[in-house]
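Student: Please take one part of this model and go through it closely. I would like the packing between the chains and within them.

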Amino acid sequence: MSVLLSLRDVWVEYGERIVIERLELDIDAGSFVSVVGPSGAGKSSFLRLILGQEPPSRGKILLDGVPLAPECGPDRGVVFQRYSVFPHLSALRNVMFGLECADAPFTGRLFGARRRAAEEQAVEMLGAVGLRDSMHLYPAQMSGGMQQRLAIAQALVKRPRVLLLDEPFGALDPGIRADMHQLITRLWREYALTIVMVTHDIREAFTLGTRVIALDKRRHDPHAPHRFGATATYDLLLKKDMRQNPSAQEVITIDAIGNN
Amino acid sequence: MRWVNRHAGRGNRLLLGAIPVLLLVLLYLVVAAQRHAVNPADKILPLPGAMASAISAMAFQPDPLSGQYVFWADTLASLERLGIGLGISTLSAIAVGLALGVLPPVRATFGPLVTGIAVIPPIALLPILFIALGLGETAKIALIVVGIAPVMIRDIAAHVEALPREQIVKAQTLGANSWHVMIRVALPQAMPRLLQAVRLALGPAWVFLISAEAIASDVGLGYRIFLVRRYLSMDVILPYVAWIALLAIVMDAVLTGASRKAFPWAHGAGH
């Protein structure tokens, strides 16, 4: 498989404090990468890097071989744990947002035939995440799970090269979370997505991912704990191909990382 | 039952709310009647009949000198000044507030200036306005704008700045540029807050309007109150004050209703 996203000797430093050091990573197109690690090990920094919210202090990040601009762009979609959808727009308008911005630089709104086309596309996307019946509801009228479905639909309608998930199911009930796991697996397969997911939940990381990366500090200096940053301590390629056999997820053991 | 758990029904709430008002009116009537029993020509606490005849003379009979219906001319002049002042303030609050809230370079450049203007007591600027703009309508409207716009701008800017960072990032990953973020993400979410800011600014706006009219004017509610003060005409002043209160309450109710109707998502629609 071809490399979509690569990090070359990436460091993130805030003054004296080193958060990420010497991170070397190649992410293949079509993979589902789970990123785990203890709190403060740079998971969020890692996501902000790929998202373009901040540039690396040293090193390079390449998307399709081209250096990444230090700014968020439509080639990278994102779903956060919270606040991912716009509270002032109905579900349908939330999904149409991305289509409208691209085609209407001044008004940010579409009219006539182009609007109808965008609407159709948005309705189809809402159908794919199971929200077709709720498309006229505002986010405040939806449950947490529905809001996350909406956030996913909103991101996918732009067909991003990489979909970034930041603890997307962390705030959901266990039952809803299982539904969401099925949904994201199905979407990943159907739309041939490349997904990078940051999570606290190691079980979730292994059930969903085709590759699990653990970020942690390799060395620890008790006198200057801030001088060593985190890097990929474990990089496990799971021998499963969920495209053929989605039920294979149950055979993965989670002990490999248990003593980390 | 504990007092924190006692909730009055809709009818009871109206009744409870009316009691203190009625008691005050009653107290006024008793005291006024007592004073009139001693001195039938008392001007300080006029009886309702005197107020009614004074106001009906101003509202329904043309002034012999100017030919105007004074009460309505005053109301119209004051509302016009208030309306123009509020309008200019609202527009500048949304334009400047959005730019300050969304664009960090604009915030860094103009934030301190707006803060600086906002802390100046507007009445202290009144002489400057009168000198610079003359004694006409412009100075009065300018006082209202100078008085309320900076506070509204800061309120909107702070509200926009406090929007979750995730929303701004999400919008950009959906292809939005700075302009899109302003008009599609920040502006709609600032609108309910803007109406709220206008409601809160109504009080100060009336203060500045009455002040400006009291000092230099020839028509207006504030002008009339301060004019008839010289003759101890409480029979005009009291109804005028009540009329101002009524106008303010109506404006407040209209703004609240408009916000609920136009922005249902901001008022807990749903669950």
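Tutor: What follows covers the contact between the chains, then the nonpolar cores, then the domains of chain A.

The model is predicted, so local features need pLDDT of at least 70 and side-chain atom pairs count only at pLDDT 80 or more, while totals for chains, interfaces and linings use all residues. Residues are numbered from 1 along each chain as its sequence is written, and chains are lettered from A and ligands numbered from 1 in the order in which they are written.

Chain A puts 26 residues into the contact and chain B puts in 21 residues; two residues are in contact if their C-beta atoms, placed from the backbone, lie within 7 Å. On the side of chain A that touches chain B, the elements giving two or more residues are β6 (76–79), α2 (91–103) and α4 (144–156). Helices (H or I, at least four residues) and strands (E, at least two) are DSSP runs, numbered from the N terminus. The largest share of this side, four residues, is from α2(A). By class, the side has 14 nonpolar, nine polar and three charged residues. Here Ala, Val, Leu, Ile, Met, Phe, Trp, Tyr, Cys and Pro count as nonpolar, Asp, Glu, Lys and Arg as charged, and the others, Gly among them, as polar.

The largest nonpolar core has 117 residues, and those with the most contacts inside it are A:Ile50, A:Val95, A:Ala153, B:Leu98 and B:Ile156. Such a core is a set of buried Ala, Val, Leu, Ile, Met, Phe, Trp, Tyr and Cys residues joined through C-beta atoms within 7 Å. A residue is buried if 20 or more other C-beta atoms lie within 10 Å of its own, exposed if 12 or fewer, and partly exposed in between, with C-beta atoms placed from the backbone. Helix α8 (residues 178–215) of chain B gives the most to this core, 17 residues. Leaving out residues up to four places away in sequence, B:Ile156 touches residues including B:Ile94, B:Leu98, B:Ala190, B:Leu194 and B:Ala197. A second, separate core of seven residues includes B:Ala54, B:Met58, B:Phe71 and B:Tyr240.

Chain A has domain 1 (1–75 + 162–260) and domain 2 (88–159), with bounds from an automatic or database domain assignment. Their C-alpha centres lie 27 Å apart. Twelve residues of domain 1 of chain A are in contact with ten residues of domain 2 of chain A. Helix α5 (residues 174–190) of chain A gives the most to the domain 1 side, with five residues. That side has eleven nonpolar, no polar and one charged residues.
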